[in-house]
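This report describes selected features of a protein model, from strand pairing to helix packing. The sequence and structure are shown first.

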Amino acid sequence: MTAARPGPEVPTATYRLQLQPSFPFAAAAAAVPYLASLGVSHLHLSPVLESVPGSTHGYDVVDHTRVREELGGEDGLRALARTARDHGLGLVLDIVPNHMAMAPRYNRALWEVLREGPESPYARWFDIDWEAQGGRVLLPVLGGPVGSELDRLVVDGDVLRYHDHVFPLREGTAHLPLPRLLDAQWYRPVWWRLARTELNYRRFFSISELIGVRVEDPEVFGATHAKILQLLHEGVVDGLRVDHPDGLADPGGYLRRLHEATGGRWTVVEKILADGEHLPADWPVAGTTGYDALRHVDGLFTDRTGAYELLGRYRAFAAPQTDRGGNWDATVRRAAYKVLTHELATETDRLTRVAARLCAASPDPSLRDRAPWALRTAVEELLVRMRVYRPYGCEDAAAVITEQAAEEARLAFVVPEEADAVGIVRRLLVGEPGDASAPDHAGRAEFCARFAQTASALRAKAVEDTAFYRYVPLLSAAEVGGDPGSPGVYPDDFHAYCARVQRDWPATGTVVTTHDTKRSADVRAALAVLTECPDRWAKVLAEVSRAEAGAPDGQLAWAAWQTVFGLGPAEEERVRQALLKHVREAGMYTSWTEQEPSYEEAVAAFLTAGPCGPPGERVAALRKSLEPHIRANVLGTALVQLTMPGVPDVYQGTESEYRALVDPDNRRPAPFPPPVPGEKDALTAAALRLRARRPGAFGTAASYAPLAADGPAAEHCLAFTRSGEVVTVVTRLSLRLAESGGWRDTWLELPPGRWTDALNPGREFTGDTRVADLLDRFPVALLERSGES
């Protein structure tokens with residue numbers, strides 16, 4: 001047992017390690033000396049509980065009582081904790097409360113439910129609609145209709161086998177003929193295509209292989225969190241990252257229970273905040289995992305005017321072939337309708353059934369006898385108009401499901417008399433205080449929770465997993481937590497955001513690259529430069545389009561050329577895999593479930609002949625000519641994230657130059673230490689060590705204040721001070737800066753005192769300083785107060 005140890009209540013910085021069988025606890029332990037030397041205070045580990053064998057991510061948990069054996073088991077985790085402690089580091093764990101793997105062979109709790117049905121003590125664990133499908137859990141595992149797959153279903157003792165799948169048999173049924181045996185079970189294997197319309201269990205988004213867990217039940221919470229809490233209380237682990245709380249029935253209630261159980265340990269939540277949305281103030285957490293910070297940091301290095309010019313160039317390039325993806329709001333709306341009627345059709349059906357049941361049982365005659373199709377239409381029309389992930393309770397529902405949204409939803413009805421179904425559904429969600437005729441409280445609570453859970457799944461699937469792949473004018477803006485329809489953040493808005501974070505959530509997380517980002521920060525930093533030269537980009541695209549054999553569609557071509565520009569030199573297979581995922585997620589000409597081989601072959605041929613072939617050299621040449629400005633963005637992004645309010649999380653390998661695309665490309669093990677450290681490594685280490693050396697300058701009691709430059713290029717200088725002890729200065733929009741004549745007579749007034757250059761030891765500055773002198777060696781500066789002037 002690892003003894004409890006004192007440690008900082010709030011990390012100064014964390015380092016994310018993506019554990020997998022090829023990178024287990026022992027490999028993490030071997031990297032500890034190097035990681036400690038960087039200056040982080042904690043290692044941030046991906047999920048460590050037992051998961052499906054071979055899993056490269058760990059979010060498919062099958063057993064909450066055991067630490068994953070493929071990673072080294074609990075002994076391996078405790079050994080890692082001891083090694084980390086010996087080097088002054090703690091551990092933060094990623095936990096997955098929302099779902100488990102739909103893999104009965106490995107998931108004992110699910111196995112028992114399938115064997116014993118709703119009477120199983122584990123039945124309360126899973127969000128199963130036992131009233132649907134004749135009280136049997138549908139398992140979408142068959143390769144075709146059940147009649148065509150009977151010969152492949154084999155009874156083997158007390159189990160049923162289908163290829164690699166194994167299911168329990170209900171007691172006393174093994175002797176029955178197969179058709180009768182299937183009818184006698186608490187489950188029914190079905191064709192995987194039926195997952196879209198007939199499943200009766202809640203999933204993670206639309207992923208049928210992950211089944212929702214009811215952690216709102218205290219007994220389920222206790223059983224699924226006992227091991228994690230033990231590791232916390234015994235000092236093996238110091239803090240938590242909570243995966244996807246928006247999938248839970250009651251995120252706030254869950255987080256309050258978790259806060260009490262952990263004794264208030266530092267905890268951040270993977271909550272995606274829309275532009276202008278704030279984290280619920282009553283959540284007892286340190287903040288988010290940091291996607292809101294990512295949006296603001298990226299925005300600093302994006303020229304908003306140039307981004308809109310780029311949009312115009314994109315429309316001219318792609319619109320003649322397709323109207324898809326040229327308007328952000330329309331793209332999101334179309335994607336939302338598609339997801340609701342396809343991937344989330346079964347969730348919408350369940351919501352409609354609950355609404356119909358509530359209306360039928362209401363004492364208010366105006367609610368009764370509502371046609372299910374009208375209620376379904378009302379549910380769908382309100383869901384597609386959600387601009388945040390989900391509401392939290394009735395009061396929040398009134399704010400996010402507005403009267404304006406309801407009025408727009410009513411316009412979708414062909415029969416005006418049925419449009420009042422919108423008001424009924426909104427009334428179920430918002431409620432009316434003192435309304436004695438309202439449907440029963442428990443029923444409304446179920447409807448509100450399911451509406452919110454469906455809304456979060458819809459937002460993730462429609463926006464992040466569909467619209468982001470359809471709307472491609474600027475790929476760097478189509479990032480988790482981002483707003484591609486409004487790219488770019490002005491410095492004043494960034495400063496206001498940082499001041500608010502320091503005031504309200506000073507211990508929140510910040511990130512710029514994660515295991516979920518579609519492109520690493522360094523790839524996005526390169527792409528952002530295109531907003532400073534949209535005409536040059538369009539000219540190059542016109543040249544390469546004439547040279548290559550022809551793309552299957554203009555939208556794909558634009559996205560592919562931006563991908564190879566952002567990534568730089570790379571193996572063709574990496575690009576091909578990322579673009580194949582791109583077109584399947586977009587779902588316009590092919591998809592994961594309805595693959596179109598001829599289109600996908602055309603995509604592969606285009607990549608070989610174009611972006612990854614000789615014409616790609618022209619794009620490579622453009623990138624090379626822009627390298628100084630890409631460098632400014634790369635270093636500026638890193639330094640801002642590492643010194644802004646919050647706790648920075650450094651994703652594995654990103655202390656060095658790190659160019660990665662969407663998973664699994666971004667989950668490859670990183671080398672420790674990096675083989676050829678560069679200037680980004682030096683910057684990262686300098687900033688992290690400064691945070692460790694001066695924790696008060698960055699902690700919960702720290703301060704944040706912008707510093708304004710003065711002169712002809714002042715808009716290109718972003719600077720701020722932390723607690724009067726540290727100053728950060730970065731160059732933004734460096735290409736525009738160079739084209740306008742450089743810094744010229746631009747000055748920055750430093751706070752009183754002498755300031756040492758942490759990136760250029762031996763240099764000191766005081767008072768009014770020419771920005772050109774401050775940034776003569778690097779496009780960024782990190783200054784540490786060294787004494788009075």
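## Strand β21 and its partners

Strand β21 is joined to strand β22 (residues 726–731) by six bridges, and the two run antiparallel. The model is a predicted one. Within this pairing, Ala719 stands opposite Val729 of β22. The hairpin formed by β21 and β22 has three residues between the strands, and Ser723 takes a positive phi near 60° there. β21 is also joined to strand β19 (residues 704–707), through four bridges and again in the antiparallel sense. Here Pro706 is the residue opposite Phe720 of β21.

In a regular strand, side chains alternate between the two faces of the sheet. For β21 both faces are covered: Cys717, Ala719 and Thr721 are buried on one side, and Leu718, Phe720 and Arg722 are buried on the other. Since six of the six residues of β21 (residues 717–722) are buried, this strand is largely enclosed by the rest of the structure.

## The parallel sheet and helix α6

An open sheet of eight strands is arranged in the order β16-β15-β14-β5-β2-β1-β18-β17, with parallel pairing. Its edges are formed by β16 (287–288) and β17 (509–510); each has a single partner strand, so one side of each is left without a neighbour in the sheet. Helix α6 packs on this sheet, where it touches β5 (90–95) and β14, and its direction makes about 170° with that of β5. Strands β14 (residues 239–242) and β15 (residues 266–269) pair in the parallel sense over four bridges. In this pair, Gly239 has Trp266 of β15 as its bridge partner.

Helix α6 spans residues 218–233 and contains His225. Is His225 buried or exposed? His225 counts as buried because its relative accessibility is 4%, and the cut-off for buried is under 20%. Leaving aside residues up to four places away in sequence, His225 touches Ile95, Pro97, Val215, Tyr254 and Leu258.

## Nonpolar cores

The largest nonpolar core comprises 119 residues, and those with the most contacts inside it are Leu43, Leu45, Phe126 and Phe494. The element that gives the most to this core is helix α1 (residues 25–38), with eight residues. A second, separate core has 105 residues, including Ala274, Val400, Leu429 and Val544.

Phe494 touches His296, Val297, Leu300, Val489, Val640, Met644, Tyr704, Leu718 and Phe720, not counting residues up to four places away in sequence. Among these contacts, Leu718 and Phe720 are two of the buried residues of β21, while His296, Val297 and Leu300 are among the buried residues of helix α8.

## Enclosed helices α8 and α18

Helix α8 (291–300) is largely enclosed by the rest of the structure, because 10 of its 10 residues are buried. Its buried residues include the charged-type names Asp292, Arg295 and Asp298 alongside Tyr291, Ala293, Leu294 and Gly299. The elements that cover the buried residues of α8 include β16, α17 (491–504), β17, α18, α24 and β21.

Helix α18 (residues 521–528) is mostly covered, with eight of its eight residues buried. Asp522, Val523, Arg524 and Leu527 are among those buried residues. Their cover includes α8, α20 (554–567), α23, α24 (627–643) and α25 (679–693).

## Packing of α19 on α23

Two packed helices are described by the angle between their axes and the distance between the axes. Helix α19 (residues 534–547) and helix α23 (residues 616–625) pack at about 160°, and their axes are 10 Å apart. That angle makes α19 roughly antiparallel to α23, because angles over 145 degrees count as roughly antiparallel. The crossing in which α19 passes α23 is right-handed.

On the α19 side, the contact is made by Arg536, Trp537, Val540, Glu543 and Val544; on the α23 side, by Arg618, Val619, Leu622 and Ser625. Val544 of α19 is also included in the second core.

## An exposed loop residue

Asp151 is located in the loop between α4 (146–149) and β8 (153–156). With a relative accessibility of 76%, Asp151 counts as exposed, because the cut-off for exposed is over 50%. Asp151 and Val339 are 188 residues apart in sequence, and their C-alpha atoms are 34 Å apart in space.

Definitions and conventions. Residues are numbered from 1 along each chain as its sequence is written. This is a predicted model: local features need pLDDT of at least 70, side-chain atom pairs count only at pLDDT 80 or more; totals for chains, interfaces and linings use all residues. Side-chain values use heavy atoms; hydrogens and water are left out. Buried means under 20% relative accessible area, exposed over 50%, partly exposed in between (1.4 Å probe, protein chains only). Contact means heavy atoms within 4.5 Å. A nonpolar core is a set of buried Ala, Val, Leu, Ile, Met, Phe, Trp, Tyr and Cys residues joined through side-chain atoms within 4.5 Å. Two strands pair if DSSP finds at least two bridges between them. Axes are lines fitted to C-alpha atoms, for helices over the stretch in contact, and angles run from 0 to 180 degrees between N-to-C directions. Angles under 35 degrees count as roughly parallel, over 145 as roughly antiparallel, 65 to 115 as roughly perpendicular and the rest as oblique. A crossing is left-handed if the near helix is turned anticlockwise from the far one by less than a right angle, and right-handed if clockwise.
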